[in-house]
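Welcome, and please open your viewer. We will take this tour one selection at a time.

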Number of protein chains: 2
Amino acid sequence: MSQRRRPTQVDIAHAAGVSQATVSLVISGGHASGQVAEHTRAAVLDAATKLGYTVNTAARSLKGGRNKMLGLYAFEPVFPVDQRDFYFPFLLGVEGATADFGYDLLLFSSVSSGERRIYSDGINRLKVADGCVLLGRHIDRSDLADLVNEGFPFVFIGRRELPGVELSYVAPDYVGATRDMVVRLTDLGHRRLAYLRPADQQEPTRDREAGFRAGVDEAGLPEQAVHEMPDDASDAEARLAALLERWLADGVTAVLIDPLEDDRTIAALERVAAEAGLRIPEDLSVAVLGGPMPSGPGGRDWTRFTLPREEMGRAAVALLLEILDDDTGPRRLSVACTAVDGDSVGRPR
Amino acid sequence: MSQRRRPTQVDIAHAAGVSQATVSLVISGGHASGQVAEHTRAAVLDAATKLGYTVNTAARSLKGGRNKMLGLYAFEPVFPVDQRDFYFPFLLGVEGATADFGYDLLLFSSVSSGERRIYSDGINRLKVADGCVLLGRHIDRSDLADLVNEGFPFVFIGRRELPGVELSYVAPDYVGATRDMVVRLTDLGHRRLAYLRPADQQEPTRDREAGFRAGVDEAGLPEQAVHEMPDDASDAEARLAALLERWLADGVTAVLIDPLEDDRTIAALERVAAEAGLRIPEDLSVAVLGGPMPSGPGGRDWTRFTLPREEMGRAAVALLLEILDDDTGPRRLSVACTAVDGDSVGRPR
DNA sequence: CCGGCTCAATAATACGTATAGAGCACACTA
DNA sequence: TAGTGTGCTCTATACGTATTATTGAGCCGG
């Protein structure tokens, strides 16, 4: 088929009997195109459609212009099944808002091979987009720092801090939500709590723990037990079984769990508790601090809080577009989590 | 924030005391870099790492033509909830394969406002990608024809025909799958069947109907009833109730349904049948010809066939990349559907 | 008749990279 | 010594767009 090269602005200029500069003004000169006479403008557009012109994004972004494209980059794979339930609503929100604003969405997955790093092969693919929404718990700080240094506009979904840098994000109020959960448990009469967190040091993990400590403090309780669960979950069940035994010995009546992005830890806990003959919530109250928790029919309805994930995705896009228009300092947005009653929390025995 | 621009090859050249061309040879001259002396090469690489050089992809692809981007365009919105279950696996497959091949995926959603047309603003946005996967039942034929005329590489998911044009697609074998379903019903003893199809004239609709007629023919039955259900489903239930009554009067014992991309028609039929006191499959066998049919716990497990949707997405990408490498004639792929037993089909009363 | 003004369109240039071809130094051959 | 390679680096240019400065035309008032 006609494999002739794509028509360029020069071709259009030639066809319409004007200069390339004029074509550029008509095609992409948002408000500057008011300088172009109406009949010229029409002639250019006519030639453009006739030749099937499309802007060359590479050239445009080389020059520094806008592509009407936003990017979405995830440090964790968004699509694999086990985490899909968690990340999908973000994608949904980002996609929806992007479309609403007349942009297209570029999913950066080419980098997904091996470790996910923006600069992994030395190049920064992200820049083909006008700006980018970032996502994921296990981020690479140096990549992020480089991104900031380049002045590339991006918004993180989730609170992220970098020493000496202010970056933009839309983040759930994990501190408040976790504190509220603690208060709820203590209101029910629980006095000995346990807290189970992943081993990482990311902000979401730290924020929840901070909320836990704040809640404990507020309730006037002494310091409570905090345990770490390594990311490598090969022996998760054995560890949980050991923890469970210890909790029972220590008189723990309620446990709060930071579930990461999937529900493996929760599922493992449920199995281990069942094996130990423990009923939830009669013998042990369990509160889940976020997570996907689809709570399909048949599954347990965990007492938890949820993130307004789709809205967060939309908000991130809105923030990003604000930054594109006016890059003065970072934009930040904190969103409240929603408490879900569930049936895994009760009064202590 | 240090708004300094990124180092370029010129900067490195300056630092290493060589020319920009030499830097380019070292950095990206795959086999041509053998021409560069070892000590020069080392000096360049040293300067590159020292300055934190990263390739500017925009410039590179401006020079080379390819963007390493594939597009995904859907004539129906992919993300809205009611059809999400149907389209999502395609997206999954397309995204996965795209990533595997080292490409990024551009979701064309900016056009989603109003009617979905590729050329809505006169210019063809799709071309920003190297090629495009198309999706959706209600396509715009003229847009498609224009796309072909431009020589733009694309692959349709689903069989599409254009008069005088050969286009590439990966399509499910609706004819065969539907015929098999008819055979199965007649093998069970059904002699009077009804067929319910959408009102459109798209290939998937026609193919299934063709399969139905083929199966009926093969079973040696006379012509069977075929009914249309308008897309506007405002009075769907009333229509279905009327149809149901008629089927009973005519002695119909089994009905085959082309469900479009959502399960509204099926859900409506189930309600109407229940209201009429009809049990499925005891009083009426129902076979579903495709559709999302998540069959979650609690829902009925419909007798149906399913499309290998994720694989189809992957295959479409593979075909597209073949075309990009070697654009000689259209590529076509037919994939078999998988029969799902389910419990909505039984022997006739 | 000229200076000052506005409106339209253009010429020129820069963005960062890849590559073809030129140039140069040196060694080897006839 | 002239001729022919060979090995390495450089010069020059093209890719397609956005933008700045400039030109030119037309008009008005003095």
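Before you click, keep in mind that this is a predicted model.

**Stop 1: DNA strand D**

Select DNA strand D and show the protein around it: 22 residues surround this strand, and the closest are A:Q9, A:Y53, A:R60, B:T22 and B:T40. Which parts of the strand meet the protein? Of the strand D atoms within 4 Å of the protein, 64% belong to sugar or phosphate, and the rest belong to bases.

Now zoom in on chain A. At A:Q9, a backbone N or O atom sits 2.7 Å from a phosphate oxygen of DNA strand D. At A:S24, look to the side chain instead, where an N or O atom is 2.9 Å from a phosphate oxygen of DNA strand D. Then pick A:R60, which places a polar side-chain atom 2.5 Å from a phosphate oxygen of DNA strand D. Colour the elements that give two or more residues to this surface: α2 (20–28) and α4 (57–63) of chain A, together with α2 (20–28) and α4 (57–64) of chain B. Of these, α2(A) gives the most, with four residues. By class, the surface near DNA strand D has nine nonpolar, ten polar and three charged residues.

**Stop 2: DNA strand C**

Next, select DNA strand C. Here too there are 22 residues around the strand, and A:T22, A:T40, B:Q9, B:Y53 and B:R60 come nearest. Sugar and phosphate make up 67% of the strand C atoms that come within 4 Å of the protein.

Try A:T22, whose side chain has an N or O atom 2.4 Å from a phosphate oxygen of DNA strand C. Then move to B:Q20, where a side-chain N or O atom lies 3.1 Å from a base nitrogen of DNA strand C. Which element gives the largest share of the surface near DNA strand C? That is α2(B), with four residues.

**Stop 3: the sheet**

Hide the DNA and show the strands. Twelve of them form an open sheet with mixed pairing, in the order β11(A)-β5(A)-β4(A)-β3(A)-β1(A)-β2(A)-β2(B)-β1(B)-β3(B)-β4(B)-β5(B)-β11(B). At the edges are β11 (332–335) of chain A and β11 (332–335) of chain B, each pairing on one side only. From one strand to the next, the twist averages 20°.

Zoom to where the chains join: β2 (104–108) of chain A and β2 (104–107) of chain B run antiparallel, linked by three bridges. Select A:L107 and you will find B:L105 opposite.

**Stop 4: a helix across the sheet**

Finally, select α6 (141–149) of chain A, which lies across β3 (131–135) and β4 (154–157) of chain A and runs at about 150° to β4(A). In chain B, α6 (141–149) lies across β3 (131–135) and β4 (154–157) of chain B, at about 150° to β4(B).

Notes:
Residues are numbered from 1 along each chain as its sequence is written. Chains are lettered from A and ligands numbered from 1 in the order in which they are written. This is a predicted model: local features need pLDDT of at least 70, side-chain atom pairs count only at pLDDT 80 or more; totals for chains, interfaces and linings use all residues. Side-chain values use heavy atoms; hydrogens and water are left out. A residue is near a molecule or strand if one of its heavy atoms lies within 4 Å of it. A polar contact is a pair of N or O atoms within 3.5 Å; within protein, one must be able to donate a hydrogen and the other to accept it, and residues adjacent in sequence count only if both atoms are side-chain atoms. Ala, Val, Leu, Ile, Met, Phe, Trp, Tyr, Cys and Pro count as nonpolar, Asp, Glu, Lys and Arg as charged, and the others, Gly among them, as polar. Two strands pair if DSSP finds at least two bridges between them. Axes are lines fitted to C-alpha atoms, for helices over the stretch in contact, and angles run from 0 to 180 degrees between N-to-C directions. Contact means heavy atoms within 4.5 Å.
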